[in-house]
Amino acid sequence: MTDDASTPLLEPRDGLPDVVTDTDAAKATIAAFAAADGPVAVDAERASGYRYGHRAYLIQLRRNGAGSALIDPIAVPDLSALGAALADAEWVLHAASQDLACLAEVGMKPARLFDTELAGRLLGLPRVGLGPLVDSVLGYTLEKGHSAADWSTRPLPEDWLRYAALDVELLIELRDALEERLIAAGKLDWAHEEFAAIAAAPQQEPRPDPWRRTSGLHRVRDRRRLAVVRQLWYARDELARQRDLSPGRVLPDAAIVEAALTMPTSAEAMSAMPVYRGRSQRRELSRWFGAVADARALPDKELPPQTAPYDGPPPPRAWAARQPDAAARLAAARARVTAIAEANQLPVENLLTPDTLRRAAWTPPTPLTAETVAELFRGRGAREWQIGLTAEAVAEAFANPEPPEPAPAPAPEPPAPPAESV
């Protein structure tokens, strides 16, 4: 469908439901959804960028026979009974990995799911956001104006609630339409493997050295200054947690990096820096300068390493000089995997993760066979459909990394002899 044919979706078909904010209303909602059947559409709204962490501040549900529900998980923080009531249902989510952690916090974890974003990727659709998918597949336009709102606001404005309800309004219909396309493309089994892997994935472990994700860290080029970034990051994180604020609202990344580059020698010098002149920064100046002073006082052996510990191969740009054979393997395998992805109308990263291919090219299995490559991929979490498409081709590329010689161009036809004059 074209944009001209799209119909704006402005109101939930059953009207805007009241927000569930107490135990009695929650029990009634759980009973209604348990009595209904078929898949259940699930979505969650967070306040990332405003509040500390990634908890849900609104949960939206829809199921045939039960209609839609909006639940306030701050007022009703234990929704494990709802999770149990929906244990046998297929949950339909868009970009499921973004919401599963905050849903698990309130006791909701699916056993089976259907991810509409991932289905769109497997189908090779060019735009897989919820709005574009609903538009291109179902012919409706969703209003997306409140996606970055502060969902910790109470009470939530009615137009925000309407937006949230509409996010699940057509999710089941979208799931059904995408499933039909997956069947027609011969990709439904692929999708089922992907969805099962998402549902079974363990909770993500905290990232080691989270301070290394500070924006602008590339400008900090020695270990002492890196220690300043680290100390300030943890000081900020502690205060952000106490205040339940997004860390960036407590102290911007730019202020952390500038302090590391400048290395102020006193609180007064730090207060003279433009990024620390604001009222909120002056109020916490002893905290911020204390972090800098702590970093200055660290013995050399306690300074962070210049680069994060990593158990994988070096960046591929260094391979040609250090390991030219590995570089040739990677180039050949990338070309084969890219061709397979294009032939199957897939984003290449959904066919095989770049990290998996890099590790395999750097240290290929021995003996080098399709079976040993398949086992290596399996150990890195690749699904069977991905292995079936790529293992043999990658093994061949590793064994024969040199590109074939191009066929010689055909010789040009000799010019026709000039016509004889009469």
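Here is a chat about how some labels in this predicted model are earned.

Me: What makes Glu11 and Arg162 a salt bridge?
Reply: Look at the gap between their side chains: 3.1 Å, N to O. The cut-off is a Lys or Arg nitrogen within 4 Å of a carboxyl oxygen of Asp or Glu, so this pair counts. A search of the whole structure turns up 28 salt bridges.

Me: Why can side chains like that pair up at all?
Reply: Opposite charges can pair when the charged atoms come close.

Me: Which parts of the chain does the bridge between Glu11 and Arg162 tie together?
Reply: Glu11 sits in the loop between strand S1 (7–8) and strand S2 (19–20), while Arg162 belongs to helix H6 (residues 158–169), so the bridge joins parts that are 151 residues apart in sequence.

Me: Why is Arg162 called buried, and what is Glu11 called?
Reply: Arg162 has a relative accessible area of 18%, and buried means under 20%, so the label fits. Glu11 has 46%. Partly exposed covers the range between 20% and 50%, so Glu11 is partly exposed.

Me: How do you know that Glu169 and Arg62 form a salt bridge?
Reply: Their closest N and O atoms are 3.9 Å apart, and the limit is within 4 Å, so the pair passes. This one links distant parts of the chain too: Glu169 is in helix H6 and Arg62 in strand S4 (residues 56–63), 107 residues apart.

Me: Are Glu169 and Arg62 buried or exposed?
Reply: Buried means under 20%. Glu169 has a relative accessible area of 2%, so it is buried. Arg62 has 8%, so Arg62 is buried as well. Both also belong to a network of salt bridges, together with Arg13, Asp14 and Glu173.

Me: What makes Arg219 and Glu258 a salt bridge?
Reply: Their closest N and O atoms are 3.1 Å apart, and the cut-off is within 4 Å, so they count. Arg219 lies in the loop between helix H8 (188–200) and helix H9 (223–243), and Glu258 in helix H11 (residues 253–262), so the bridge ties together parts 39 residues apart in sequence. Arg219 is partly exposed at 41%, and Glu258 is partly exposed at 25%.

Me: Which residues of H11 are buried, and what covers them?
Reply: The buried ones are Ala255, Ile256, Val257, Ala259 and Ala260. Their cover includes H9, helix H12 (267–271) and helix H14 (285–297). Just after H11, Met263 takes a positive phi of about 55°.

Me: Why are H8 and H20 called oblique to each other?
Reply: The axes of H8 and helix H20 (residues 384–399) cross at roughly 125° and come within 8 Å. Roughly perpendicular runs from 65 to 115 degrees and roughly antiparallel means over 145, so this angle fits neither and counts as oblique.

Me: Which residues make the contact between H8 and H20?
Reply: Trp190, Glu193 and Glu194 come from H8, and Glu384, Trp385, Gln386 and Leu389 from H20. By class, that gives three nonpolar, one polar and three charged residues.

Me: How do you know that Ala35 counts as exposed?
Reply: Its relative accessibility is 67%, and exposed means over 50%, so the label follows. Ala35 lies in helix H1 (residues 23–35). From Ala35 to Gly65 is 30 residues in sequence and 7.9 Å in space, C-alpha to C-alpha.

Conventions:
Residues are numbered from 1 along each chain as its sequence is written. This is a predicted model: local features need pLDDT of at least 70, side-chain atom pairs count only at pLDDT 80 or more; totals for chains, interfaces and linings use all residues. Side-chain values use heavy atoms; hydrogens and water are left out. Helices (H or I, at least four residues) and strands (E, at least two) are DSSP runs, numbered from the N terminus. Buried means under 20% relative accessible area, exposed over 50%, partly exposed in between (1.4 Å probe, protein chains only). Axes are lines fitted to C-alpha atoms, for helices over the stretch in contact, and angles run from 0 to 180 degrees between N-to-C directions. Contact means heavy atoms within 4.5 Å. Ala, Val, Leu, Ile, Met, Phe, Trp, Tyr, Cys and Pro count as nonpolar, Asp, Glu, Lys and Arg as charged, and the others, Gly among them, as polar.
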